[in-house]
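The following exercises ask the reader to work from a structure to short, reasoned conclusions. Each task is followed by a solution in steps.

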Amino acid sequence: MPRFSVIVPCFKVQGFLRECLDSVLGQSFGDFELIAVDDCSPDGSGAILDEYAERDPRVRVLHLPENVGLGRARNAGMPHATGDYLFFLDSDDTLTPGALRAVADRLAEAEDPDVLVFDYARTYWWGGTRRNVLAHLLTREGTFSASEYPEILDLLMVVWNKVYRRDFVTAGGFEFPPGYYEDTPWTFPVLLSARRIAALDRICLNYRQRRQGNILSTTSRKHFDIHDQYERVFAFVAERPELADWRPYLHRKMGEHCLDILAKPDRLPPADKAEFFRRTAEMFRRHRPEGAEVDGEVAVLTGSWTGYRIKRQAARAGREAARRAERARRAAAARARAGWTALHAHRPLDPRLVVYSASSHRGLLGDPAAIYLKAREIAPQLRGVWVVRDAETAAQLPPGVEHVIVGSRRYLEVTARAKFFVNDVNWPGTLAKRPGSVHIHTHQGTPLKYVGADLLDKPGARLGFDVPQMLRRADRWDYSLVANPHSELVWERAYPCHFTSVRTGSPRNDVLVDGGAGDFRERHGIPADHTVVLYAPTRRDYRRGGHVDRIDLARFAADLGEGHTLVVRLHPSLANGPARGMGLAELARRGIVVDATDEPHLADVLLAADALVTDYSSVMFDYAVLDRPIVVHADDWPAFTASRGAYLDITAEPPGHVSASYRELAWLFASGAWRDEESARLRADFRSRFCAYEDGRAAERVVRALLLGEPLPGPEPVRIPGQASAPDALTSA
């Protein structure tokens, strides 16, 4: 008996069907059967199904003699299912890699619940991906019923984001009715009847948003079917007195659902909207439970069609008035800001005022933070003020850190008066550089990937990125910090602007020079005797959204074996997207890996790691300061370099061993080669090239030379001639 019976109804989907089937048959978890139902499709779908059945015994095909519709096609597949759980997959959607393994593991952990609800992502025809906005509801631990956790019903009421224990479905007699909205009278009865429901915070399915052909996006009177489907739901509840308490909830849900259909411009023919409203209102009155409150959005159903239209028109007018008022407010605020800035622009610069920002105003981070902390230590006469993006970010700053919120009046005041500006990304274009002010640009690590003007011939990498505007903002730089000779050459090529390069080293890496220990292991409960392997992948420009799963994290953690802890840190640009929902969040919840993506200070994570596995992330240059083993996993190097470009071939000049497949990566750790003599030799060569300036005094050099104007003693000048005309403050006196 297989663990899953995946039932796939098919009708006019020949363009998407192979991708759907491949996503199932290519799963790492193979204990399933695939029951494909050809719903008398007039295209080539049936032939495609037969082709797959011939070459894979897990595929069985049912050819229906006539078209019966999506719901009844699913019904036709159910009697042939022998699996423990039913998985209804629409034939234009796809499973994500590792989905069935994640579902199977969660089912085992939850001891075979009646229903398991998992997450999904909408994938759009133009290439975009958007995660379910209610994904946070799936973080619930243990098992529960709908009455214990009613929030589970706020999720999209569809059949395909769940798996169902087959014995539970059989005992309940659940089946799909005919019609457009067949998921509604299936999902509500199933979830209300289930005694044990579990949730899985992982994206297991890609929900394809088709440009054309989506049934529910078709303008048709068939949308009147929603009324019949809710009648079935109400009838189901009426036959079960134990579910009577759900009637007020379902009553409101029906009203909201129907009003949502009515409000969408692509659902109902305009001539039929009045009839749809009246039928909805009549049904709403007829099923209203005694004493049920009717307020909010659904209150319009107690009135007339004319009243509904008047309210809709008033709401549109109100929104337009609000938009006009907001535009006027912004224009007035811009005039006020300009006036405020002009007022302070006539005042002299404050020679002791230093304004800091990092990572687009995300807080006390990176090189600017290291410089700020060193300035507080050795130059307390300097006043450091941080620019942060909002009040929430400000609340996370350490006590005693002076700050302003970007765009505020205090922000305008300090940026108009400051002598020094320290940032690792460009300041906004609205910030005018006053004569005499000094802009110090720290960058964000040693560049491997193309940056700046070098992106001009990489259209994919610079999608949505205005290179000329970026260079105009970089024209404000006075000093560009250099971490190594390689960076010096790159910055002066990629940013053809007037600045002076200064060979300081990376201030944020000062803490790594001595290899001190942080508290990361203790905070995350990692045993002191464990070998910590940090996996830090970068984003991909050849994939919209930037995320590509390169390795199976659960498999890698298992292959590392006892006495090892796998720590994962995603690229910051992927932290709030769907990437963590592809398995990382769930694996971290189960303790299989440690998710360090949200750790604010990279150095804490690096200090805790005994080895680094990365692909093409600049974190390798920082980690090399620690002189610990590095493995480069370069299984897509040609695609990566073709889409983004690279300044050096990291596979030919690596900081350690290179793996071109997961098998090679696993072997490196299983054999111990990851830390052998060859690894040490490669790392030594890499360190001599990219860590030459890292002596633990980078932040001090910046503070003394660039903020205080002190000469640095030494037998050799730390001067970089470069292209700038400004004097280099690091020249020996």
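**Exercise 1. A salt bridge within a helix**

By about how much of the helix are R55 and E51 separated in helix α2 (residues 45-55)?

Solution. The model under study is predicted.
Step 1. R55 and E51 are four residues apart in α2, which means that about one helical turn separates them.
Step 2. Their side chains meet in a salt bridge, with a distance of 2.9 Å from N to O.
Step 3. Exposed means over 50% relative accessible area. R55, with 52%, is therefore exposed.
Step 4. E51 has a relative accessibility of 30% and counts as partly exposed.

**Exercise 2. Two further salt bridges**

Determine which parts of the chain the salt bridge between E402 and R383 ties together, and assign the accessibility of R267 and D266, which form another pair.

Solution.
Step 1. In the salt bridge of E402 with R383, the closest N and O atoms are 2.5 Å apart.
Step 2. E402 lies in the loop between α12 (391-395) and β12 (403-405), whereas R383 lies in strand β11, so the pair ties together parts that are 19 residues apart in sequence.
Step 3. Both partners fall in the partly exposed class: E402 has a relative accessible area of 27%, and R383 has a relative accessibility of 34%.
Step 4. For R267 and D266, the side chains meet in a salt bridge at 2.7 Å, N to O.
Step 5. Buried means under 20% relative accessible area. R267, at 12%, is therefore buried, whereas D266, at 28%, is partly exposed.
Step 6. For the wider context, a search of the whole structure finds 58 salt bridges. A network of salt bridges links R106, E109, E141, E586 and R589.

**Exercise 3. A helix and its surroundings**

Is helix α6 (residues 184-193) largely enclosed or largely open, and why?

Solution.
Step 1. The buried residues of α6 are T184, P185, W186, T187, F188, P189, V190, L191 and L192.
Step 2. Nine of the ten residues of α6 are thus buried, so the helix is largely enclosed by the rest of the structure.

**Exercise 4. Charge at the surface**

Identify the residues that form a positive surface patch, and locate R312.

Solution.
Step 1. The patch is formed by R309, R312, R316 and R319.
Step 2. R312 belongs to helix α10 (residues 305-345).
Step 3. With a relative accessible area of 30%, R312 is partly exposed.

**Exercise 5. Strand order and pairing**

In what order do the six strands of the open sheet that includes β17 run, and which are its edge strands?

Solution.
Step 1. The order is β19-β18-β17-β20-β21-β22, with parallel pairing.
Step 2. β19 (594-595) and β22 (658-659) are the edge strands, each pairing on one side only.
Step 3. Within this sheet, five bridges join β17 (residues 531-536) to β18 (residues 564-568) in the parallel sense. One of the bridge partners is V567 in β18, which faces L534 as its partner.
Step 4. Parallel pairing also occurs for strand β10 (residues 350-357), which pairs with β13 (residues 418-423) over five bridges and with β11 (residues 383-388) over four bridges.
Step 5. Y356 has V422 in β13 as its bridge partner, and V354 has G384 in β11.

Note on methods:
Residues are numbered from 1 along each chain as its sequence is written. This is a predicted model: local features need pLDDT of at least 70, side-chain atom pairs count only at pLDDT 80 or more; totals for chains, interfaces and linings use all residues. Side-chain values use heavy atoms; hydrogens and water are left out. Patches are made of residues with over 30% relative accessible area and no salt bridge: like charges are joined within 9 Å, nonpolar side chains (Val, Leu, Ile, Met, Phe, Trp, Tyr) within 5 Å. Accessible areas come from the Shrake-Rupley method with a 1.4 Å probe; for residues, only the protein chains shown count as cover. A salt bridge is a side-chain nitrogen of Lys or Arg within 4 Å of a carboxyl oxygen of Asp or Glu. Lys and Arg count as positive and Asp and Glu as negative; His and the chain ends are not counted. The place of a charge is taken as NZ of Lys, CZ of Arg, CG of Asp or CD of Glu. Helices (H or I, at least four residues) and strands (E, at least two) are DSSP runs, numbered from the N terminus. Buried means under 20% relative accessible area, exposed over 50%, partly exposed in between (1.4 Å probe, protein chains only). Two strands pair if DSSP finds at least two bridges between them.
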